[in-house]
Amino acid sequence: MIEARHLRILRAVAATGSFSAAARELGCTQPAVSQQMKALEQSAGTPLLIRTGREMRLTQAGEALVRHAAGILAGLTAAEEEVAAIAGLRAGRVRLVSFPSGSSTLVPKALAAMRADHPGTRVSLVEAEPPRSVEMLREGDCDVALAFRYTGAAGSGPAEWADLVVRPLLTDRLVGLVPEEHPLAGAERVGMAELAGEPWIAGCPRCRRHLVEVCEGVGFTPRIDFATDDYPAVVGLVGAGLGVAVLPELAVESVRTGSARTVTVEPAVEREVVALTLPDLARVPAVAAMLDRLEHAAAR
């Protein structure tokens, strides 16, 4: 019989490449990892790992088991949490992953409400941009993913998250950032085409791709001089007169704009901000409560 603890250890070995590294990640000893892997291979009736020096490589059977492990473990977690709630255990755990501007705006309010309403529920937070955050959810490494997608962007559509439970939170419009001495700094509205000759500061990879799509849609390809995932850095570069940028309103809320000035850009560019989870996890009381608190935090 294949046990869940064996699957967790196999995933750790596959991810880290060695028994010792997996042991450090799991907080146990290397001999314990080795013993559990032997037990798993005996249960499977076939080798799962090929040992080459200090490195471990998965066999075909090992690859198949790791591929199925995420769904198995997610389903098991959902079952354990739901049974505990039914039995009257007022405790739980939610692993949340969020993109940075969500972490600094929506998440604090949601976590404060969660702690006030359900003090026994533990919530952890790590940051990742989509699509990595969505991959983490599908791989079983988090329970709720705060994510976004740009309206009308290539590859964005209902099929992108068809296998997930999608809780819409808000529509986040992008605003332009120009240096305070820029001729358009005082303009009420600025057409993207008016910025065609400017150097640009771009954000995360998904944001950069969408920026290029939008600019090419109005007739030019932006000259991206700087790229950074750090929003304060974007604002600082713009404020220093090194270029222009577009940022989501959520990001602008979380930083001081300093010497940069915000302007409304046309055509309107928007992104849909959502909370995602797996169908099995959506029935877990702690996860459902976290989704509700995120929705309430977004209704501002």
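**Figure 1. Helix 7 and the largest cavity.** Helix 7 supplies the largest share of the lining of the largest cavity, namely 5 residues. This view, like the others here, comes from a predicted model. The cavity holds about 140 Å³ of space, and the structure has 1 cavity of 30 Å³ or more. Its lining is made up of 18 residues, and Y150, L174, C207, L211 and V246 are the ones that lie nearest the centre. Besides helix 7, at least two lining residues each come from strand 8 (199-202), helix 8 (231-239) and strand 10 (245-248). What classes of residue make up this lining? The lining of the largest cavity has 15 nonpolar residues, 2 polar and 1 charged.

**Figure 2. The largest pocket and its lining.** Here we turn from the cavity to a pocket. The largest pocket has a volume of about 540 Å³. Of the 20 residues that line it, R11, L73, E139, G140 and D141 lie nearest its centre. Helix 1 (4-16), helix 2 (19-26), helix 4 (60-86) and strand 3 (92-98) are the elements that give two or more residues to this lining. Which of the elements gives the most? Helix 4 does, with 8 residues. Sorted by class, the lining of the largest pocket comes to 8 nonpolar, 2 polar and 10 charged residues.

**Figure 3. Strand 12 and its two partners.** Is strand 12 (residues 270-277) mostly buried or exposed? Of its 8 residues, 6 are buried, so strand 12 is largely enclosed by the rest of the structure. One partner is strand 5 (residues 144-150), which pairs with strand 12 in the antiparallel sense over 6 bridges. In strand 12, R271 stands opposite Y150, and Y150 also appears among the residues nearest the centre of the largest cavity. The other partner shown is strand 6 (residues 165-179), joined to strand 12 by 8 bridges and likewise antiparallel. Here P168 stands opposite V274 of strand 12. As you follow the strands, a general point may help: side chains in a regular strand alternate between the two faces of the sheet.

**Figure 4. A salt bridge between helix 7 and a loop.** In this view the side chains of R206 and E160 meet in a salt bridge, with an N to O distance of 3.0 Å. What does the pair tie together? R206 belongs to helix 7 (residues 205-217) and E160 to the loop between strand 5 and strand 6, so the salt bridge ties together parts that are 46 residues apart in sequence. R206 counts as buried, since its relative accessibility of 13% falls under the 20% limit. The pair is also part of a wider set: R149, E160, R206 and E272 are linked in a network of salt bridges.

**Figure 5. Two further salt bridges.** How many salt bridges does the structure hold? There are 19 in the structure, and two of them are shown here. R5 forms a salt bridge with E3, and the closest N and O atoms are 2.5 Å apart. R5 is partly exposed, with a relative accessible area of 44%, and E3 counts as partly exposed too, at 32% relative accessibility. The second salt bridge joins R283 to D280, with 3.1 Å between the closest N and O atoms. D280 is partly exposed, at a relative accessible area of 34%.

**Figure 6. Two cis peptide bonds.** Both bonds in this view lead into a proline. The peptide bond from P130 to P131 is cis, with omega near 10°. P131 sits in the loop between strand 4 (121-127) and helix 6 (132-138). The peptide bond from E266 to P267 is also cis, with omega near 0°. Where does P267 lie? P267 is placed in the loop between strand 11 (260-266) and strand 12.

**Figure 7. The setting of the close-ups.** Finally, here is the chain to which these details belong. The protein chain has 11 helices and 12 strands, and its C-alpha trace spans about 70 × 50 × 35 Å along the principal axes. Of its 300 residues, 46% count as buried. Among contacts in the chain with a separation of 6 or more, 72% are between residues 24 or more positions apart.

Note on methods. Residues numbered from 1 in each chain as written. Predicted model: local features only at pLDDT ≥ 70, side-chain atom pairs only at ≥ 80, totals over all residues. Heavy atoms only, no water. 1 Å grid on protein atoms, 1.4 Å probe; cavity = no way out; pocket = protein on both sides within 12 Å on 5 of 7 lines; lining within 4 Å. Points joined across faces, edges and corners; volume = space filled by probe spheres on them. Helix = DSSP H or I, 4+ residues; strand = E, 2+ residues; numbered from the N terminus. Nonpolar A, V, L, I, M, F, W, Y, C, P; charged D, E, K, R; others polar. Buried < 20%, exposed > 50% of the residue type's maximum accessible area, 1.4 Å probe, protein only. Pairing = 2+ DSSP bridges. Salt bridge = Lys/Arg side-chain N within 4 Å of Asp/Glu carboxyl O. Contact = heavy atoms within 4.5 Å.
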